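Biologist: I'm new to this structure and would like to learn how to read it. Could you walk me through a few features?

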Amino acid sequence: MKRRPIIPSACYKHPSSSRPHLFVCLFSSSSFDSSGVRPFPDYSPKKPSIKDSEFVHHISTVIKQRRCEPFRQILKPFESKFRPDHLLWVLMDIKPDYRLIVNLFDWSCIRRYPSLEACCILIQIAVGANDLEMAQKLLHEFWTKPSIDGNILVSQFLEKLIYTYKDWGSDPYVFDIFFQSLVEDGHLDDARKVFDKMLNYGVVLSLDSCNMFLSRLSKEPDGPKMSLKVFCEFSEVGIQWNTVSYNIVIHSLCQLGNTKEAHKLLLQMDLRGCIPDAVSYSTVINGYCNQGELNSGLNVVENMQQKGLKPNAFTFNSIILLLCKSGKVLDAEKVLREMISQGIFPDNAVYTTLIDGFSKIGNTASASRMYDEIQSRNIIPDHITYTALICGFCQNGKVAEADHLFCEMLNSGLKADEFTYTTLIDGYCKAGEIEKAFSLHNEMIQVGLIPNVVTYTALVDGLCKKGEVDTANELLHEMCEKGLVLNIYTWNALLNGLCKSGNIEQAVKLMKDMEVAKIGPDVYTYTTLMDAYCKNGEMVMAHQLLHEMLQKGIKPTVVTFNVLMNGFCVSGMLEDGQKLLNWMLEKGIMPNSTTYNSLIKQHCLRNDMRSATEVYRGMYNQGVTPDENTYNILIRGHCKMRNMKEAWFLHKEMVDKGFNLTVETYNALIKGFIKRKKYMEARELFEEMRKKELSPDTDIYCTFAEMNYKEGNVDLTLVLCDEAVEKSVIDNSKGGRT
């Protein structure tokens, strides 16, 4: 129901400087007037008998005359005859003396908690004496301690406050205190009823109270919608909202996903007499970032700066998070640098976001650099930071580095959770170190953590990749015995294992078993089977699976298309691969670096660097960022064709981006420079390899040993010969290339 605005005939602003800024409107009226405002009732307590009056007078006289003595001592003779009514009558006698009233009330509480009326009287007196702490304490105690009046409803409490208001306090802030206590205890429906009830008496609660209500309401399950409703309704009855109020509503709109509406409200604040602050702008920026609308968020940042406001840590964090989620981690790091340049120092959460972002795009070098920066700034990483970096190393096959971090984490006193253990177990499984993975699984159980279905799925996947499908099946039975329900990922792990071991027929049968078990194959299931067919050169079967997917309404991912692309390229069907890329772009399916890498690699293998470069440029034009593999493929291709200028340019570009050269790329560059007689560049790369403890080809060792021998560096020649022999032996023992 809409209320017409109330126009106060008098306004009360409490003089105390210890209170928050309040503005409580009162309506002076002795009876109902044309505006419908009710008067506060007169206080009319029960009249004492002559005997009671004498008894009350006696008590009042004693406590006034002996006020410095303990009340328990001076009132001991009156205890047996003292009734709740006596407390009210004595309070009326000593009304002007606040300290005596509090002492008497405390004494009466020792025997039993006073009545609701007595409690309301003391609350009125405490607020009038500006003892807000006492008033709040009494309200809290009344709701938590048993009362002689039994269970009291909020409506009854409010009626007593209204009843005692006129003669015992006449300070309207008492209703704010009552309202705030209800909000703090979560009684929001009752608080709203109090607000509406007080309007009947011409009292509009303070803006601080309304903001407290609005803020608490917005955090409830259906709070954002309700807070918007209250914001409109309270405005109609005279509440003049401030910047804090608007910020709460802007946040509620963003929570509901209505960031554009929140932005409109932000722009209207000036027109409504409220100046937006950094929080107002940051909330809208965060709303846009949560919806993935980066450009809109950046426009608000620009508007914010034009108003002379500086983005705060919350603003920067939102932008960094969205950029990382979008894979634009290099841009996110630029925002980090801007943040630091403005004197806003990032916390562990910001660095963890960047570490996670770099890890997910495979740039573990930059992720490690962020971790080093954390330590240099004396920021203590938490287990989430470690887990993000461990996950990055594991996903990029660097399990040794991940294990080192895991040990460092435990040694620092942090505890690993199920996710951290599972991440490392999965890393070891993918690296083929299944024994180490099971060792971690056992350790996990010993420290009291329970392996979940994801942990077992990683182990099943590891066993299948090693060809131990029977053992994987035994583990599946163990899972079922422990009450774990096999999910789609577990089935997919087993299917992947069958495909890797070349058992495509069994994999197809397993997919049919999944459907019988009412677990529908997903995009990963189909993509895995398609990959097996592609690697087997059965492109027709792979195509059939793609059509089956589309008929079932399963949307292929970029990985699905990458599998097909790789199949075309490996089978020498380069034209079909190019047609697939063009079709993806026409359909709005954005390729990634892996898509382009397959084509680039095939062109390089055919010594067609012009076509490879065209694909690379097309990649840039589509806004796809080259990854580490892209650069390594192109550099090796250019070296093969002796285009050392282009190779060296790409080398510098990839190093600047924090990517690492593979051993093969180093070897190709060094050999290319030697053939071009660019010995200085070749030597620089050779020494770089040695520092990184990478193994150059034996013939490269021989070349530099010979060069040093001719230059008279006999000692270095012998060192290189020893290294060559040692590396050759190690590589042979690993079945590596020498």
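Modeller: Sure. Keep in mind that this is a predicted model. Let's begin with what packs over one helix: the cover on the buried residues of α30 includes α28 (523-535), α29 (539-551), α31 (574-586) and α32 (593-605).

Biologist: Which residues of α30 are buried?

Modeller: First the general idea: an α-helix has 3.6 residues a turn, so residues three or four places apart point the same way. Now the case here: T560, F561, N562, V563, L564, M565, G567, F568 and C569 are buried in α30.

Biologist: How many residues does α30 have, and how far does it reach from its first C-alpha to its last?

Modeller: Helix α30 covers residues 558-570, which makes 13 residues. Its reach is 18 Å, close to the 18 Å expected at 1.5 Å a residue. After α30 comes G572, and its phi is positive, near 80°.

Biologist: Let's try a single residue. Is S359 buried or exposed?

Modeller: Here you compare the relative accessible area with a cut-off: buried means under 20%. S359 has a relative accessible area of 3%, so it counts as buried. You'll find S359 in helix α18 (residues 348-360).

Biologist: What does S359 touch?

Modeller: Leaving out residues up to four places away in sequence, S359 touches A367, A388, L389, G392, Q395 and N396. There is also a polar atom of the S359 side chain that lies 2.8 Å from the backbone oxygen of I355.

Biologist: And a loop residue? Where does G327 lie?

Modeller: G327 sits in the loop between α16 (313-325) and α17 (329-341). With a relative accessible area of 34%, G327 is partly exposed. Now look across to G357: the two residues are 30 apart along the chain, yet 6.8 Å separates their C-alpha atoms.

Biologist: What about empty space? How many cavities of 30 Å³ or more does a search of the whole structure find?

Modeller: The general idea goes like this: rolling a probe the size of a water molecule over the atoms shows where empty space is left. In this model, the search finds 2 cavities of that size. The largest has a volume of about 100 Å³. Its lining has 12 residues, and the closest to the centre are P84, L87, S108, R112 and P114.

Biologist: Which helices supply at least two residues each of that lining?

Modeller: Both α3 (84-93) and α4 (98-111) do. By type, the lining of the largest cavity divides into 7 nonpolar, 2 polar and 3 charged residues.

Methods:
Residues are numbered from 1 along each chain as its sequence is written. This is a predicted model: local features need pLDDT of at least 70, side-chain atom pairs count only at pLDDT 80 or more; totals for chains, interfaces and linings use all residues. Side-chain values use heavy atoms; hydrogens and water are left out. Helices (H or I, at least four residues) and strands (E, at least two) are DSSP runs, numbered from the N terminus. The expected span of a helix is 1.5 Å times one less than its number of residues. Buried means under 20% relative accessible area, exposed over 50%, partly exposed in between (1.4 Å probe, protein chains only). Contact means heavy atoms within 4.5 Å. A polar contact is a pair of N or O atoms within 3.5 Å; within protein, one must be able to donate a hydrogen and the other to accept it, and residues adjacent in sequence count only if both atoms are side-chain atoms. On a 1 Å grid over the protein atoms alone, a cavity is a set of points where a 1.4 Å probe fits but cannot get out, and a pocket is an open set with protein on both sides within 12 Å along at least five of seven lines; lining residues have an atom within 4 Å of a point. Grid points are joined across faces, edges and corners, and a volume is the space filled by probe spheres set on the points. Ala, Val, Leu, Ile, Met, Phe, Trp, Tyr, Cys and Pro count as nonpolar, Asp, Glu, Lys and Arg as charged, and the others, Gly among them, as polar.
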